[in-house]
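Biologist: Please take one part of this model and examine it closely for a first-year student. I should like a connected account that proceeds from single residues to their surroundings.

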Amino acid sequence: MIPDTLVRLAALGVVAIVAIGAVLLLLRFGDRQAPPVGGIVEGYPPDHFANRELLSLSALADLAAAQGRLLAMQRALPPQSEEAVWLGTFISELRPLMNTAYRVAAA
């Protein structure tokens with residue numbers, strides 16, 4: 001009984017070492033890139049958001065200003081750095097929130 005338990009424990013240890021090694025290889029050599037800055041609509045351009053009166057609302061203006069600062073930070077970072085990747089993901093998720101805020105303000 002004890003030898004069978006030791007064999008299973010050794011096999012589990014080998015699997016854990018292989019899994020950790022694979023994760024480390026992916027982290028080290030993985031192709032991480034930030035989402036392209038050029039693909040994000042910056043602010044509330046008139047061709048996408050026709051009601052210009054809504055943009056005087058402080059909430060929408062604050063969202064646009066925050067997005068602008070985040071985009072400037074991302075442009076200053078090396079494109080494949082971990083910070084740029086995370087910031088790009090956040091910026092990509094901020095855009096739909098900005099669109100929803102505009103639609104709610106328009107309603």
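Modeller: Arg103 is found in helix 3, and in this predicted model its relative accessible area is 52%. Because that value is over 50%, Arg103 counts as exposed. Its C-alpha atom lies 9.7 Å from that of Leu54, although the two residues are 49 places apart along the chain. A similar statement can be made about Tyr102, whose C-alpha atom is 9.8 Å from that of Leu57, across 45 residues of sequence. Leu57 belongs to the loop between helix 1 (2–29) and helix 2. With a relative accessibility of 40%, Leu57 is partly exposed.

Tyr44 is found in the loop between helix 1 and helix 2. Its relative accessible area is 8%, so Tyr44 is buried. The C-alpha atoms of Tyr44 and Asn99 are separated by 8.7 Å in space and by 55 residues in sequence. Leaving aside residues up to four places away in sequence, Tyr44 touches Phe49, Arg52, Leu55, Leu60, Leu63, Ala64, Arg95, Met98 and Tyr102.

Two of these partners also have aromatic rings in play. The structure holds 3 aromatic pairs. In one of them, the ring centres of Tyr44 and Phe49 are 4.9 Å apart and the ring planes stand at 85°, which means that the pair is edge-to-face. Phe49, like Tyr44, is buried, with a relative accessible area of 8%. Ring pairs join Tyr44, Phe49 and Tyr102 into a cluster.

The next step is the packing of the helices. Two packed helices are described by the angle between their axes and by the distance between the axes. The axes of helix 2 (residues 58–76) and helix 3 (residues 82–106) come within 10 Å and cross at roughly 165°. Helix 2 is therefore roughly antiparallel to helix 3, and the crossing is left-handed.

Which residues bring helix 2 and helix 3 into contact? From helix 2 come Leu60, Leu63, Ala64, Gln67, Leu70, Leu71, Met73 and Gln74. From helix 3 come Ala84, Leu87, Gly88, Phe90, Ile91, Leu94, Arg95, Met98, Ala101, Tyr102 and Ala105. Sorted by character, the residues of this contact comprise 15 nonpolar, 3 polar and 1 charged.

One residue of this contact deserves separate attention. Gln67 lies in helix 2, and its relative accessible area is 0%, so Gln67 is buried. Apart from residues up to four places away in sequence, Gln67 touches Ile40, Val41, Glu42, Gly43, Leu94, Arg95 and Met98. Among these partners of Gln67 are Arg95 and Met98, and Tyr44 touches both Arg95 and Met98 as well.

Finally, these details may be placed within the whole chain. The protein has 3 helices and 0 strands, and along the sequence its pattern reads α-α-α. Of the 107 residues in the protein, 21% are buried; Tyr44, Phe49 and Gln67 are among the buried residues. When contacts between residues at least 6 apart in sequence are considered, 69% of them join residues at least 24 apart.

Methods. Residues are numbered from 1 along each chain as its sequence is written. This is a predicted model: local features need pLDDT of at least 70, side-chain atom pairs count only at pLDDT 80 or more; totals for chains, interfaces and linings use all residues. Side-chain values use heavy atoms; hydrogens and water are left out. Axes are lines fitted to C-alpha atoms, for helices over the stretch in contact, and angles run from 0 to 180 degrees between N-to-C directions. Helices (H or I, at least four residues) and strands (E, at least two) are DSSP runs, numbered from the N terminus. Angles under 35 degrees count as roughly parallel, over 145 as roughly antiparallel, 65 to 115 as roughly perpendicular and the rest as oblique. A crossing is left-handed if the near helix is turned anticlockwise from the far one by less than a right angle, and right-handed if clockwise. Contact means heavy atoms within 4.5 Å. Ala, Val, Leu, Ile, Met, Phe, Trp, Tyr, Cys and Pro count as nonpolar, Asp, Glu, Lys and Arg as charged, and the others, Gly among them, as polar. Buried means under 20% relative accessible area, exposed over 50%, partly exposed in between (1.4 Å probe, protein chains only). Rings of Phe, Tyr and Trp (its six-membered ring) pair if their centres lie within 6.5 Å; planes under 30 degrees apart count as stacked, over 60 as edge-to-face and the rest as tilted.
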